Amino acid sequence: MRKKLVAGNWKMHGNLAENNDLLNAVVAGVTGLRDANVAVCVPYPYLASVQEILRGTNVAWGAQNVSQFDKGALTGEVSTAMLKDFSCTYVIVGHSERRTLFGEDNKLVAEKYVAAQKAGLIPILCVGETLEQRESNTAEQVIEEQLKAVIELAGVESLNKAVVAYEPVWAIGTGKTASPQQAQDVHEFIRKGIAAQNEIVADGLTIQYGGSVKGNNAAELFAMPDIDGGLIGGASLVADDFITICSALQN
Ligand code: PGA
């Protein structure tokens, strides 16, 4: 059975005191959940303290971005080795906010994905279409190209050690969730596309849904056959909501 994963994406939120309270509550709330893989992807400065709090618990941690380069005169960048220094398990690559606000294209995202895997990190590769693309019926093509860039550079087998997150851009932070069926249709499209190249890889691939997942809609989304958990923004900052979402993995 493939792994189901709920990962929090804190984005640029948090401070030392709030993080501490939030994580202690989350750890207490998810301890004892069966089959629940849970992680939080936090801003870089907090990795040290997050590691201290989460070490030995059943909550993993990671970052929200990483450099494609190993090291060098690259002011402001953070390398995969630095993330490994803080025992990160995951790193998000190609989040739509990175793509749209910081100009990351498919090629750069694929390079970051490769760098992450080379260092032993599990990339959470975000794909998804804008509203305009959905309305012009190009969503599938956009997602196909996003995946193709990675598969061309790293090979389809690389998805054995990765997570894909389908995040329709129109659903992120807007309160507009894709309906379970809408999300399922895209997840199935993604899995079938990969299966055409390697059925075993497709079968084992964790495909998360992201975009306004909340405590009150997680269970119906996660019940769909090709939805293997979620990437959670806003609701990951509220302990009770995040715990409810993690609990929905068990249903
Ligand atoms: P949201 O964000 O849950 O706040 O919509 C999801 C994401 O951007 O990963």
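**Exercise 1. Find out which elements the buried residues of helix α1 pack against.**

Step 1. Start with the partners: the buried residues of α1 pack against β2 (37–41), α2 (47–54), β3 (59–63) and α11 (239–247). Contact here means heavy atoms within 4.5 Å. Helices (H or I, at least four residues) and strands (E, at least two) are DSSP runs, numbered from the N terminus.

Before going on, a word on what you're looking at. This is a predicted model, so local features need pLDDT of at least 70 and side-chain atom pairs count only at pLDDT 80 or more, while totals for chains, interfaces and linings use all residues. Residues are numbered from 1 along each chain as its sequence is written, and side-chain values use heavy atoms, with hydrogens and water left out.

Step 2. Now pick out the residues themselves. The buried ones in α1 are Asn19, Leu22, Leu23, Val26, Val27 and Val30. Buried means under 20% relative accessible area, exposed means over 50%, and partly exposed is in between (1.4 Å probe, protein chains only).

Step 3. Look down the axis of α1: its buried residues fall within an arc of 130°, so they line one face of the helix. The arc is that of the directions from the helix axis to the C-beta atoms. Over on the other side of α1, you'll find Ala17, Asp21 and Ala28 exposed.

Step 4. Check the length and the ends. Helix α1 covers residues 16–30, and its 15 residues reach 21 Å from first C-alpha to last, close to the 21 Å expected. That expected span is 1.5 Å times one less than the number of residues. At the start of α1, a side-chain oxygen of Asn15 comes to within 3.2 Å of the backbone nitrogen of Ala17. After the helix comes Gly32, with a positive phi near 95°.

**Exercise 2. Describe helix α5 in the same way, then place Val114 in it.**

Step 1. Helix α5 (residues 106–118) has 13 residues and spans 18 Å from its first C-alpha to its last, close to the expected 18 Å.

Step 2. Its buried residues are Leu108, Val109, Ala110, Lys112, Tyr113, Ala115 and Ala116. They pack against α3 (80–85), β4 (90–93), α4 (96–101), β5 (122–127) and α7 (139–154). Just after α5, Gly120 takes a positive phi of about 85°.

Step 3. Val114 sits in α5 and is partly exposed, with a relative accessible area of 28%. Setting aside neighbours within four places in sequence, Val114 is in contact with Leu153 and Ala154.

**Exercise 3. Is Tyr90 buried or exposed, and which residues does Tyr90 contact?**

Step 1. Find Tyr90 in strand β4. At 4% relative accessibility, Tyr90 counts as buried.

Step 2. List the contacts. Leaving aside neighbours within four places in sequence, Tyr90 touches several residues, including Lys3, Ala39, Trp61, Ile124 and Val163. Tyr90 and Ile124 are 34 residues apart in sequence, yet 6.8 Å apart in space, C-alpha to C-alpha.

Step 3. Add the polar contact: 2.9 Å joins the side chains of Tyr90 and Lys3. A polar contact is a pair of N or O atoms within 3.5 Å; within protein, one must be able to donate a hydrogen and the other to accept it, and residues adjacent in sequence count only if both atoms are side-chain atoms.

**Exercise 4. Work out which side chains make polar contacts with the side chain of Asp226.**

Step 1. Go to the loop between α10 (218–222) and β8 (229–232), where Asp226 is found. With 11% relative accessibility, Asp226 counts as buried.

Step 2. Its side chain makes one polar contact with the side chain of Gln184, at 2.8 Å. Another, of 2.6 Å, joins the side chains of Asp226 and Arg191.

**Exercise 5. Which residues come nearest to the ligand?**

Step 1. Of the 13 residues around the ligand, Lys11, His95, Glu167, Gly173 and Ser212 come nearest. A residue counts as near if one of its heavy atoms lies within 4 Å of the molecule.

Step 2. Take the distances to ligand oxygen atoms one by one. For Lys11, a side-chain N or O atom is 2.7 Å from a ligand oxygen. For Gly173, a backbone N or O atom lies 2.6 Å from a ligand oxygen. For Gly234, a backbone N or O atom is 2.9 Å from a ligand oxygen.
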